[in-house]
Amino acid sequence: MNRKSLIWQIFPPYLLVILLAITAVTWVIVHSMKDFYLRQTAMELEARAILVRPEFNDPAKIVDALYVDSICKTLGKASATRLTIILPSGLVTGDSDEDPSKMENHAHRPEIQEALAGRTGVATRYSHTLFETMMYVAVPIKVGDNLIGVSRAAIPITALDKAFRTIYARIILGAFITALLAAFISLFISRRISRPLIRMKEAAASFTRGDFAHRLPVDGADEVKRLALAMNEMAAQLDDKVRTIVGQRNELEAVLSSMVEGVLACDSTERIINLNEAAAQLLGLNRDQTIGRYLQEAVRNAPLLRFISSILKSESTQEEQITIQHNGTHVFHVYGTLLKGEAGQFLGALVVLHDITRLSQLETVRRDFVANVSHELRTPITSIKGFVETLRDGAIHDPDDAERFLGIIARQTDRLNSIIEDLLMLSEIEQADRGTIGMELTPLIDVLNNAVATCEPKARAKEIGVKLTCDEKISIPLNAPLFEQAIINLIDNAIKYSDTKSAVEITAQKQADQMVVTVSDQGCGIEKMHLSRLFERFYRVDRARSRELGGTGLGLSIVRHIVLAHGGDVGVESTPGKGSRFFIRIPASRLITNNPVDS
Ligand code: ADP
């Protein structure tokens with residue numbers, strides 16, 4: 001058993017007190033009893049010594065040894081007492097138990113000395129004559145005022161000692177039983193006291209583990225009941241408070257985690273207090289492992305670290321544009337503000353990272369587009385302006401030159417016109433998303449035939465054979481004029497970038513989960529490095545050649561936007577020197593065939 005447990009705190013002192021009490025009471029009782037008994041015995045012996053005194057109050061008789069001894073033996077036997085008569089000289093003249101002639105002089109015995117002094121003498125000692133402890137009481141025998149001898153009565157008190165030893169043994173046994181009882185009682189009491197304490201300890205442990213539903217039984221002593229009530233009340237309040245805190249934390253977590261913007265909070269020592277999932281992803285961190293670490297350990301972006309340090313140093317709100325390299329290059333608009341405590345004291349910084357990569361890309365595209373458009377428009381305008389000035393400077397008077405220059409001006413004007421028309425078409429398609437362009441279930445063959453017919457003159461001029469293979473039963477929800485324009489652009493390019501007498505092939509096929517239209521040629525083909533950018537506005541492999549062929553650089557861009565508006569995608573495969581194959585894919589979910597069984 002643990003020596004610090006309650007039973008060890010209660011039992012030993014309890015036992016000690018009981019043993020001390022038993023010892024003290026026993027000592028007092030035994031001594032009082034012994035005292036009383038000895039006094040009683042002394043009084044009885046005195047009475048007996050006095051009783052025999054008249055037998056010897058004649059000075060002549062007391063010196064008669066025979067007479068005295070016989071009287072002593074008779075009376076001593078009758079009273080079961082040892083009787084002794086002693087002369088003032090200490091000479092023993094009679095004794096009930098012994099031969100007086102053999103007894104030594106008794107003048108120095110303390111009880112005899114007392115009696116010779118005229119008082120009653122009492123003494124207890126071991127008798128070497130009788131070999132046991134005796135009590136002696138001696139009284140003077142007087143005739144008038146003359147002391148003629150001493151009468152002494154004695155009895156052994158060995159029996160008395162024996163009786164007291166028995167009493168002692170019983171008392172010790174009683175004390176032992178009492179100590180045992182005390183042990184059981186103290187065990188019982190300490191259990192009664194400690195049981196509710198143990199229950200409270202267990203309840204406190206449950207509260208520590210966060211189990212506030214645990215309740216203590218309200219019973220036992222009044223103090224215990226009140227303590228149990230107080231602990232139950234405390235648990236209920238803690239439960240309430242913890243629920244509120246957890247609720248608030250969850251709400252905050254939900255808000256933070258649902259934010260697209262990255263949020264990062266750090267204290268004034270640059271230790272990360274919290275960051276949301278978005279911030280962790282943007283910075284390539286593990287959220288749980290990052291919280292509690294120092295910024296310098298966790299974040300690898302120097303400009304961001306400088307930005308946060310600057311907020312903490314200046315204690316002011318700041319914003320900046322920062323580039324972070326993680327999963328590609330991302331541009332962020334970073335807004336840093338101060339974290340303040342309840343009393344308005346400065347706690348740290350809160351940084352919100354807003355990914356503006358797409359915005360900045362769009363901005364770049366817009367800037368490039370404006371530059372490209374300006375450039376594309378400026379080229380024919382410069383040319384027109386140049387020839388107009390040449391005409392004004394006199395060339396107008398030369399009919400041949402005038403005719404040639406006006407021809408160039410007319411071609412440049414056509415070029416301007418086609419650029420503007422293409423731009424208008426592009427912006428129209430860009431604005432129309434999938435839902436807003438009108439679609440009608442149209443047989444695909446009709447659209448493809450029309451496109452081929454439109455390109456027929458150009459093909460004939462270059463003696464290029466155009467072959468179309470399409471299942472007549474395929475119908476698709478289409479915006480027929482736009483889709484036709486996309487196919488025209490592809491066929492037009494195929495003719496433009498092919499040599500004379502080559503072949504262009506158009507196919508339309510329904511595959512497992514999509515409809516694929518391809519336009520293949522045997523032309524110059526396109527280097528691999530250009531393929532990914534081919535569908536960008538104004539992108540051309542060979543600018544001069546494109547312009548010479550009357551291209552605007554917008555044809556494929558228009559194709560792409562039309563196909564996107566139909567929910568499909570466009571791509572190209574090409575081998576330089578051998579030819580190109582452009583394909584348009586429309587997902588099956590958008591297809592309807594006139595005869596699904598045959599298609
Ligand atoms: P363009 O008006 O210059 O033809 P497009 O947007 O239609 O503009 O095409 C972009 C560029 O793609 C062209 O300049 C050309 O270099 C290349 N291209 C398009 N179609 C083909 C093709 N069938 N064969 C080879 N190159 C092509």
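**A tour from the core outwards**

Start with the largest nonpolar core, which has 52 residues; select Leu444, Ile491, Leu534 and Ile584, those with the most contacts inside it. A nonpolar core here is a set of buried Ala, Val, Leu, Ile, Met, Phe, Trp, Tyr and Cys residues joined through side-chain atoms within 4.5 Å; buried means under 20% relative accessible area with a 1.4 Å probe, protein chains only. Next select helix 14 (residues 480-496), which gives the most to this core, with nine residues. Domain 3 (361-429) and domain 4 (436-598) both give residues to the core, so it lies between them.

The model is predicted: local features need pLDDT of at least 70, side-chain atom pairs count only at pLDDT 80 or more, and totals for chains, interfaces and linings use all residues. Residues are numbered from 1 along each chain as its sequence is written, and side-chain values use heavy atoms, with hydrogens and water left out.

Now add helix 13 (residues 444-461), whose axis comes within 9 Å of that of helix 14 and crosses it at roughly 40 degrees. Axes are lines fitted to C-alpha atoms over the stretch in contact, with angles from 0 to 180 degrees between N-to-C directions. Helices are DSSP runs of H or I, at least four residues, numbered from the N terminus. The contact (heavy atoms within 4.5 Å) includes Leu444 and Val447 of helix 13 and Phe483 and Ile487 of helix 14.

Return to Leu444: among the residues touching it are Cys470, Ile474, Met515 and Val517, not counting residues up to four places away in sequence.

Finally, colour domain 2 (259-355). The C-alpha centres of domain 2 and domain 4 lie 50 Å apart; domain bounds come from an automatic or database assignment.

Key
Buried means under 20% relative accessible area, exposed over 50%, partly exposed in between (1.4 Å probe, protein chains only). Helices (H or I, at least four residues) and strands (E, at least two) are DSSP runs, numbered from the N terminus.
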